[in-house]
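Colleague: Please look closely at the pairing of opposite charges in this structure, and then explain how that part fits into what surrounds it. I am new to reading models, so please go slowly and connect each step to the next.

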Amino acid sequence: MFSAVIGIPVSFLAFWFLVALHELERLLWQVLPGQFGWQTPPWWWPLPLLTLAGAIVGLVVTRLPGRGGHVPAGGLHTGGLTPSALPGVVLAALAALPLGAVLGPEAPLIAFGGGLALLFRDLVRTPATPQGNALVGAAGSAAAIATIFGNPVVAGVLLMEVAGVGGPQLFAVMLPALLASGVGDIVFTGFGRWTGLKTSHLDIGLPRPPTLDAGDVVWGVLLALVVGMAVHLVVTGGKAAAVFVSRRPLPHTVLCALAAGACAAVYALATGRTPEEVASSGQTALAQMAADPHLWPAGALVAVLLCKGAGYALCLGSLRGGPIFPSLFLGGAAGLLAAPLPGFGVVPAMAAGMAAATAAAMRLPVSSVVLVVLLLGNIESVPVVVLAVVVAFVAAELLPQGPDIPPLPPLGGGRPPAGRTPRPASSRP
C-alpha cells in the first residue's frame, strides 16, 4: 500500500524534473542560438556549455552529500543514496544533461525516485529497516524511471536487474533461455521464403510485417559482435576517465567535460552538421534518424560514431547521468551504417545495433531485450534483438573489464579510503 501511494508524488515530481531538463536543453540549444541569428548552434557552442557543466558537477561532487549520484561508468545503481543527497543529484543532472553531456536522464531519475520515496517514508515516520529501505527505494525508482520510458514493464524489469534480484543465477538462467527462445522463434516463424514449422499459437489476427530474411539474422549477429566489442571499449574508456577524475575531482572533471565538448566541435567542423548530434543524450536525434535515415550519409554516420563514442566515454567517467540513451543512439547509427549490406534491412539492422549496444553498456540482458522491442514496436525483429543481446553481452563479458573505479576523496579533502569499490549490481555477474 505504501508503494502504491508513494508512486503518485514520485512520478508527479519526476515528470516535472524531466520537463525542466527538456526545457533547459531547448533553451540552450535552440532558443539561444536562434536569438543570435543561427539556425543551428555554431561549432564552438558545446565548448563553453560543457566546460560550465564540468565546473558545476565538479563542485557538486566535491562539496555536496551523495556526490551528485553514481559515476555512470560503473553502471546503473539502486540504493546507497539518502534523502540528503537529493539536492546534489538534482543539481548535477540539471547542470550536466541540458548543457550537452553525452548521457541520459535514467540514472538521476533512479536516484531521484529512490531518494524521494525514502524522504516521504521518513515524513510519515514509517519504521526503517534495511529490507524496507531497499523495497521502498526500488519502488520510488521504478515510479520515476517509468516517466522516461513511458512503460511500467520496462521500469519493472530494469529495476529488477539493476537491484540484482536473483544474483548471478539470473544471468546463468536467462542467457541460455534467451538464446534458445530466439533460435526457437526463428525455427517456428521462419524467414524469407521459408515459412517455418506450423503449430497452434496465439494470434488475434492483426496484420504482420514482412518476415526476416536469412541475411537479417546472419548480419545481425555479426553486427552485434562488432557493436558489443566497440561499446565495451567505450565503457572501458569511461572507467579510465573515472580513474583520472578521482585524482583531482574538480579540475579533472572540467577537463573531461571540455574534451567532450571538443568532440562535438570537431564533429560539427568535419561534417557541417549541428554539434548537438554529439553533445546530447541522442534521444531526439535517434528518433529523427529512424524516421528519415536518408538524411544521414555514410560519412556523417562514421563521424558521429567516432565523436559521440569518444564524448560518451569522457562523460561516463566524469559527469552525472545514465548510459542508456547514448548507447541506443550509437547502436542505431551503427545499424544504419550496416543496413546497405546484401540481404540486410534498415529495421533489423537498427534493432540489432541498438540491442547490442545497450546490452554491452548496461550488462542487463533482459532489460535490453524488453526496452528495444518496446521501442521498435516490431515483433518480427524480436529474434534478431534476442540474438544480438546475447552475443554482445557474452562478448563484453569475455573481454578485459578495465580498471576498477576508485572511491572519491572524502568531502572536504583527504585521502580516499583504502580498498576497492565493489562492483555494482549491473556489472559483471
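Modeller: The structure, which is a predicted model, holds three salt bridges. The general idea behind them is that side chains of opposite charge can pair when their charged atoms come close. I will take the three in turn and spend longest on the pair formed by Arg 363 and Glu 397, whose closest N and O atoms are 2.7 Å apart.

Begin with Arg 26 and Glu 23, which form a salt bridge with their closest N and O atoms 3.2 Å apart. These two residues are three places apart in helix α1, which runs over residues 2-35, and they are therefore separated by about one helical turn. The general rule is that an α-helix has 3.6 residues a turn, so residues three or four places apart point the same way. Arg 26 has a relative accessibility of 36% and counts as partly exposed, and Glu 23 is partly exposed too, at 35%. The reasoning here is that partly exposed covers values between the cut-off of 20% for buried and that of 50% for exposed.

The next salt bridge is that of Arg 273 with Glu 277, where the closest N and O atoms are 3.0 Å apart. Glu 277 has a relative accessibility of 11% and so counts as buried.

Now to the pair that deserves the close look, Arg 363 with Glu 397, a salt bridge with 2.7 Å between the closest N and O atoms. This pair links distant parts of the chain, since Arg 363 is in the loop between α13 and α14 (365-376) while Glu 397 is in helix α15, 34 residues apart. Arg 363 and Glu 397 are both buried, and for Arg 363 the relative accessibility is 7%.

The backbone of Arg 363 also deserves attention, for its phi is near 60 degrees, a positive value in a residue other than glycine. Arg 67 has a positive phi as well, of about 60 degrees, although it is not a glycine. Arg 67 lies in the loop between α2 (46-63) and α3 (86-96), and it is buried, with a relative accessible area of 18%.

What, then, are the surroundings of Glu 397 like, and how many of the 17 residues of α15 are buried? The count is 13, so α15 is largely enclosed by the rest of the structure. You can also check the length of this helix, residues 382-398, because at 1.5 Å a residue its 17 residues should span 24 Å, and its end C-alpha atoms are indeed 24 Å apart.

On the other side of the pair, the loop holding Arg 363 follows from α13, and α13 brings us to the nonpolar part of the model. The largest nonpolar core has 108 residues, of which Ile 145, Phe 149, Leu 158, Trp 296 and Leu 319 touch the most other members. Helix α13 gives the most to this core, with twelve residues. Both domain 1 (1-195) and domain 2 (214-398) contribute residues to this core, so it lies between them. In general, nonpolar side chains in soluble globular proteins tend to be buried together.

Leu 158 is a good residue to follow, since its contacts beyond four places in sequence include Ile 145, Phe 149, Met 362 and Leu 364. Helix α5 (residues 130-149) also holds Ala 142, which is in contact with Ala 155 and Leu 159, leaving aside its neighbours within four places in sequence.

Helix α13 has one more role in this picture, as it is among the elements that cover the buried residues of α10, together with α11 (298-318) and α12 (324-338). The buried residues of α10 (residues 283-291) are Ala 285, Leu 286 and Met 289. Seen down the helix axis, these fall within an arc of 100 degrees, so they line one face of α10. Thr 284 and Ala 291, on the other side of α10, are exposed.

To place all this in the whole, the protein has 15 helices and zero strands, and buried residues make up 51% of its 429 residues. Among contacts between residues at least 6 apart in sequence, 77% join residues at least 24 apart, and the salt bridge of Arg 363 with Glu 397 likewise joins residues 34 apart.

Terms used: Residues numbered from 1 in each chain as written. Predicted model: local features only at pLDDT ≥ 70, side-chain atom pairs only at ≥ 80, totals over all residues. Heavy atoms only, no water. Helix = DSSP H or I, 4+ residues; strand = E, 2+ residues; numbered from the N terminus. Contact = heavy atoms within 4.5 Å. Buried < 20%, exposed > 50% of the residue type's maximum accessible area, 1.4 Å probe, protein only. Arc of directions from axis to C-beta. Core = buried A, V, L, I, M, F, W, Y, C linked by side-chain atoms within 4.5 Å. Domains from an automatic or database assignment. Expected span 1.5 Å × (residues − 1). Salt bridge = Lys/Arg side-chain N within 4 Å of Asp/Glu carboxyl O.
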